[in-house]
Amino acid sequence: AQLRALATLGTGFCLSFCGWSVLESNIVARHGRLGYQAMACVYYGIGPGALFTPLIIERLGPVASMCTSVTTYVAFAAANFLLECKMRAGTWLLLPAALGVGLTCPTLWTAQGIYLSNLSRRYDHLRRQDTTAHGSLGLFNGTVSAIMTAGTLSGLLFSSALMRMKVDMRI
């Protein structure tokens, strides 16, 4: 059950973030000043967001905290999509969505660490390993990291291939 949960977590993060690095690296080139402002909102939101992270995770738990936090990344991607479609809504949605990403980013990554630690502890307990040592925690963190990196790499390679083929990515 813990390995299935680990695979689900890794796959969920992979799918959620395979487009993030593409968005993050191209937003300024695609949207100029608005792109700079959006990334500033992301990074300015991280500090204040970190102040509320313990309270949010304590109230919601790690899984609900991750699910709630990832919705801001979806909103940010949707705002970018609307901008690419030349819809006015994208312009006024982008900055609040970017701020939302910054505010929830610390919660997302902290909740992921807590969830992985809990999974690892349960896994070690079921395997009758010493739960006071690090046990499988390194393996679990490395697995999720490898799956996420594969997703990021595939997203970058896909967008690079589209650019090489000179496919107009605007809709």
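Colleague: Leaving aside its neighbours within four places in sequence, which residues is Leu94 in contact with?

Modeller: This is a predicted model, and the contacts described here are computed from its atoms. Leu94 is one of the two residues with the most contacts inside the largest nonpolar core, the other being Phe76. Once the neighbours within four places in sequence are set aside, the residues in contact with Leu94 are Ile27, Leu34, Ala38, Phe76, Ala79, Asn80 and Leu83.

Colleague: Which helix gives the most to the largest nonpolar core, and with how many residues?

Modeller: The largest nonpolar core has 32 residues, and those with the most contacts inside it are Phe76 and Leu94. Helix 1 (2–17), helix 2 (20–31), helix 3 (33–60), helix 4 (62–84), helix 5 (88–126) and helix 6 (137–164) each supply at least two residues of this core. The helix that gives the most to this core is helix 5, with 11 residues.

Colleague: In what order do the elements of the protein run from the N terminus on?

Modeller: The secondary structure of the protein comes to six helices and zero strands, so a listing of its elements holds helices and no strands by the DSSP assignment. Read from the N terminus on, the elements run α-α-α-α-α-α.

Colleague: Does His31 count as buried or exposed, and why?

Modeller: His31 is found in helix 2, and, with residues up to four places away in sequence not counted, His31 touches Asn80, Leu83 and Glu84. The cut-off for a buried residue is under 20% relative accessible area. Because the relative accessibility of His31 is 18%, this residue counts as buried.

Colleague: Does Leu51 count as buried or exposed, and why?

Modeller: Leu51 lies in helix 3, and together with Phe52, Leu55, Ile56 and Leu60 this residue forms a nonpolar patch on the surface, with about 500 Å² of accessible area for the five together. A residue is called exposed when its relative accessible area is over 50%. Because Leu51 has a relative accessibility of 68%, this residue counts as exposed.

Colleague: Which residues of helix 1 are buried?

Modeller: Helix 1 has 16 residues, and from its first C-alpha to its last it reaches 22 Å, which is close to the 22 Å expected at 1.5 Å a residue. An α-helix has 3.6 residues a turn, so residues three or four places apart point the same way. With that in mind, the buried residues of helix 1 can be followed along the chain as Gln2, Ala5, Leu6, Leu9, Gly10, Phe13, Cys14 and Phe17.

Colleague: How far apart in space are Leu93 and Ala78, C-alpha to C-alpha?

Modeller: The place of Leu93 is in helix 5, where this residue is partly exposed, with a relative accessible area of 32%. Leaving aside its neighbours within four places in sequence, Leu93 is in contact with Ala79 and Leu82. Leu93 and Ala78 are 15 residues apart in sequence, and in space their C-alpha to C-alpha separation is 8.8 Å.

Colleague: Among contacts in the protein between residues at least 6 apart in sequence, what percentage join residues at least 24 apart?

Modeller: One pair that is far along the chain is Val63 and Ile114, which are 51 residues apart, while their C-alpha atoms are separated by 9.4 Å. Turning from this pair to the contacts of the protein between residues at least 6 apart in sequence, the share that joins residues at least 24 apart is 74%.

How values were computed:
Residues are numbered from 1 along each chain as its sequence is written. This is a predicted model: local features need pLDDT of at least 70, side-chain atom pairs count only at pLDDT 80 or more; totals for chains, interfaces and linings use all residues. Side-chain values use heavy atoms; hydrogens and water are left out. A nonpolar core is a set of buried Ala, Val, Leu, Ile, Met, Phe, Trp, Tyr and Cys residues joined through side-chain atoms within 4.5 Å. Buried means under 20% relative accessible area, exposed over 50%, partly exposed in between (1.4 Å probe, protein chains only). Helices (H or I, at least four residues) and strands (E, at least two) are DSSP runs, numbered from the N terminus. Contact means heavy atoms within 4.5 Å. The expected span of a helix is 1.5 Å times one less than its number of residues. Patches are made of residues with over 30% relative accessible area and no salt bridge: like charges are joined within 9 Å, nonpolar side chains (Val, Leu, Ile, Met, Phe, Trp, Tyr) within 5 Å. Accessible areas come from the Shrake-Rupley method with a 1.4 Å probe; for residues, only the protein chains shown count as cover. A salt bridge is a side-chain nitrogen of Lys or Arg within 4 Å of a carboxyl oxygen of Asp or Glu.
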